[in-house]
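Subject: Structure for you to look at

Dear colleague,

Here is the structure I said I would pass on. My notes on a helix contact and on the internal cavities follow it.

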Amino acid sequence: MTQLDANATVLSVPQSVSRPRIPRRLRWKGRTPGEWVIEAILFLSAASSVAITLGIVGVLLYESAGFFKHVPLWKFLTDTQWTPLFDNARYGILPLVAGTVVTTVVALLVAIPAGTIIAIYLSEYAPHKVREIVKPVLELLSAVPTVVFGYFALMFVTPMLQKIMPNLPGFNMLSAGLVIGVMIIPYVSSLSEDAMHAVPVALREGSYAMGATRLQTAFKVVLPSALSGVTAAYILGISRALGETMVVAIAAGLQPNLTVDPTQPASTITAFIVQVSLGDLPHASIGYQSIFAAGLVLMTMTLVFNIAGARLRRRYRAVY
Amino acid sequence: LKMPEQMEHHLDERIGPLRAMIARRKLVDFLFAMLGMFLVAASLLVLVALFGQLVRDGSRRLGETHLVKTSGFAPGRFEVSGTLLREGAQWSLRPEMPMEDQPAILPLDMSGAQTDYSSLVGQSVAVDAGRSRALPLKVRSMEKLVSQSFFNSMPSREARRAGIKSPLVGSVLVVFVTMLLAVLLGVAAGVYLEEYAPKNRLTALIEVNIANLAGVPSIIWGLMALGLLVYTLGLQRSILTAGLTLGLLVLPIVIIATREAIRAIPVTIREASYACGASKWETTRFHVIPYSMSGILTGAIIGLSRAVGETAPLITIGALTYIPFLPDFSWKHPLGWLNSQFTVMPIQMFNWISRPEAAFAENAAAAGLVLLALTLSMNALAIILRYRLRKKIKW
C-alpha cells in the first residue's frame, strides 16, 4: 500500500469480497443491540465521505453563486484581464487558466515520456531485484513536500536555466513546470508499470516467438494491452499537475498573465487562491468569493479530465 | 562433405544482411534499455540535487546558535547585542551581528547605567541604548544573553535569530489531530465497506465517492475548510481546523489502505471465528482488525507524511501568520490548545522563501531539510513495514 496505490483507485472501484447474500428477513436475526449500534457507527463513518463531498461541492457552488451575482458568467469566461483586487476590478479567468494549462503541459512533456519509458524499462527490461528497489525509491520523489520542490525550482532550476537562456526572468512557468513534471514521474511510471506487469506473460511469449525484440513487444503488445491502466496513470498525472499549488506559487510568479510562452512569469488558478489567502480578505467580499469561483473552475477542469479518462479506460479495457 | 565455393558465397550474401538486421535490432533494444536506465538515474539525480541544494544552503543554519535575551527590559529604540569588553575605564561591545553602518567594536558610555556591570565583562549581553543612536552608545541597562539553536527559537523578523520552535510544535499538534480523525474514521469506514456493507446502490455510491475524493486537488480541501469549518462552523484559524482539514484530506488514503489490508485476510479466518460462536463484531474486533493492523499502519503513516508536508490547504484557511509563541497548555483546560493559533513547518518555510533577504532563504533551506527528513523517514518506515509484512505473513 502506497500513496500511489491510494490514488490509483481514483477511477476504479475496488471489488469487495463476495459474501453470501442473506435474506432480508434473516439479516437482523441473532444480533444484539450492541452489534446493531456498532454497525450503525461504522455505516455513519463510511457515509461521512458522501457528506464531505456534498460539503465541498456545496461550498464551492454557494460562494461562487455570490460571485456570479456581481460578475456575469460570459464576462468571467471571455475577459482577458484578471485583477479582482484592484480598484478597477476585471474578472476574466482566462489568464489564470492559461497559466494552469501552460505549466501542466510543460510538466506533462517531462512526465509522460519519462514516466512511460521508465515503466517499460522496469516492467520489460529490468531484473526483478532492480524493480523492487527502484520503484519505492522513485516513489520517494512524490513524497517530498511540494513547498520543498518549490524552493528547488526557484533556487536551483531557475538559475540553471538562466545559464542556458540568459533572458529568462527569475519567476517563470518553465522551471515550475519542469519541477512539477519530475514530481509526477513516479505517479505515471508506478501506475503504468503496475498495468504493464499485469499483462499476461503468454502475450509476450507469443510476440517473442514471432521473432519480435523486447522493444517491439513492449510497444506493440504490452503497451496496447495495458493501455487502460496507462491512461489512468496519465490522467492521475494530469490531475496532479493541474492542482499543484506551491511550486507554481513560489517559482512561477503571482502576476496573472495571458500568454502561452512558458518562459514568462504567470499566475495559475491555484497560485491565485494562495495569493489571496495570504492577505486578510473580509468574509463574503467579492475578493473572497472570487477564490471559490476560481476553485470551481479548477474542480471542473479536474473533473472533465477524470470523466474523459474513465471513458478512455472503459474503451481500452482489455480482458485477458 | 564440402559445399561448393560458389554456393557458400551465395549463402553469405543472403545471411549477411539478415545478420546485420539482427544486430541493428539488438542495438536498438540495448539503446532503449540504456535510455530507461538513464531516465531512472536522472530522476534519482533530481532527488540528490534537491537534497544537495538544501544541505548547501541550509545545513550551516541548522547547527548554528545565536544569542537571545529571554526576559528583561522592554526593547528600546536602539539595542545591540554582543560581547562586553573592558579596558581599564573604557567599555566597549563587539556586536554579535555586525551591520554595515556599525564599527567592529562599539565604544560604550556607561555613565547612564545604574548598576555595576563589571561582572558581565566577557559575557554576551544585550545593550539597551534608549533613544541615543549617537556613538558611543549611552547605556541605560544591560542584560546577559543565552545562546539558542535553530530548533529552539521562535520565528523572528531577524533572519539569523529565527527558528522553528513554534512551527515544529504546531506541525506535531496538527498531525496529532489529523491522525485521530483520519485513523478512527478511516478504519471504521474501511471495515464497514469490506465487512458489513450490503451490495447495493448506496454502497456503490460510497465507494465511487471515496475513490473520487482521493483525486480532489489539495487546495480545494482548503477552500472547503475555509467556507465550512472557519466561517460556517466558526472554528476560527485554529489547530482544530487545520487538523480536521488535513484529516479529511488523508481520509481516502487511510480508507483505501484499510480495505486492501482487510481484503488480504482469507475468508477461512472469519469462518473459523464464526464457527467458534463469535458474532460479526467479535470476529472483526478480535481477528480482522488485528491481522490487518500493519497494513492499516502503513497507510496511516503514508497519509500522515503527506499531511506533514501539505501547505496549500492550510494557507487557504489563513494560517500564514507570525506566531512567535507556543499554544498554551493548562491542566484546567486540557483541550484549550485546540483553539489556539498556530503555524506549521511548510508554511513557515513558504514564508521564509517569499522574503527577499538572502538570510531568510538560508532559514527556508534549513526548514526544508528538517521537513524532508521528517517526510522521507516516515515513508522509509512505511516501506520497511510493508516489506516486512509481505515477508512475514503467508496465509
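Please keep in mind that this is a predicted model.

The helix contact is in chain B. From α5(B), the residues L246(B), L249(B), V250(B), I253(B), V254(B), A257(B), T258(B) and A261(B) touch α8(B), where their partners are G295(B), I296(B), G299(B), A300(B), G303(B), R306(B) and A307(B). By type, the residues of this contact are 10 nonpolar, four polar and one charged.

As for geometry, α5 of chain B covers residues 239–263 and α8 of chain B covers residues 293–309; they pack at about 160°, and their axes are 8 Å apart. Angles over 145 degrees count as roughly antiparallel, so α5(B) is roughly antiparallel to α8(B). The crossing of the two helices, α5(B) and α8(B), is right-handed.

Now the cavities. There are eight of 30 Å³ or more in the structure, and the largest holds about 400 Å³ of space. It is lined by 27 residues, of which T146(A), R240(A), E244(A), R306(B) and E310(B) are the closest to its centre. R306(B) therefore turns up twice: it belongs to the contact of α5(B) with α8(B), and it is among the lining residues closest to the centre of the largest cavity.

Which elements give two or more residues to that lining? They are α7 (173–197) and α10 (227–243) of chain A, along with α8 of chain B. The largest share, four residues, is from α10(A). Sorted by type, the lining of the largest cavity has 11 nonpolar, 12 polar and four charged residues.

Best regards

Technical notes:
Residues are numbered from 1 along each chain as its sequence is written. Chains are lettered from A and ligands numbered from 1 in the order in which they are written. This is a predicted model: local features need pLDDT of at least 70, side-chain atom pairs count only at pLDDT 80 or more; totals for chains, interfaces and linings use all residues. Side-chain values use heavy atoms; hydrogens and water are left out. Axes are lines fitted to C-alpha atoms, for helices over the stretch in contact, and angles run from 0 to 180 degrees between N-to-C directions. Angles under 35 degrees count as roughly parallel, over 145 as roughly antiparallel, 65 to 115 as roughly perpendicular and the rest as oblique. A crossing is left-handed if the near helix is turned anticlockwise from the far one by less than a right angle, and right-handed if clockwise. Contact means heavy atoms within 4.5 Å. Ala, Val, Leu, Ile, Met, Phe, Trp, Tyr, Cys and Pro count as nonpolar, Asp, Glu, Lys and Arg as charged, and the others, Gly among them, as polar. On a 1 Å grid over the protein atoms alone, a cavity is a set of points where a 1.4 Å probe fits but cannot get out, and a pocket is an open set with protein on both sides within 12 Å along at least five of seven lines; lining residues have an atom within 4 Å of a point. Grid points are joined across faces, edges and corners, and a volume is the space filled by probe spheres set on the points.
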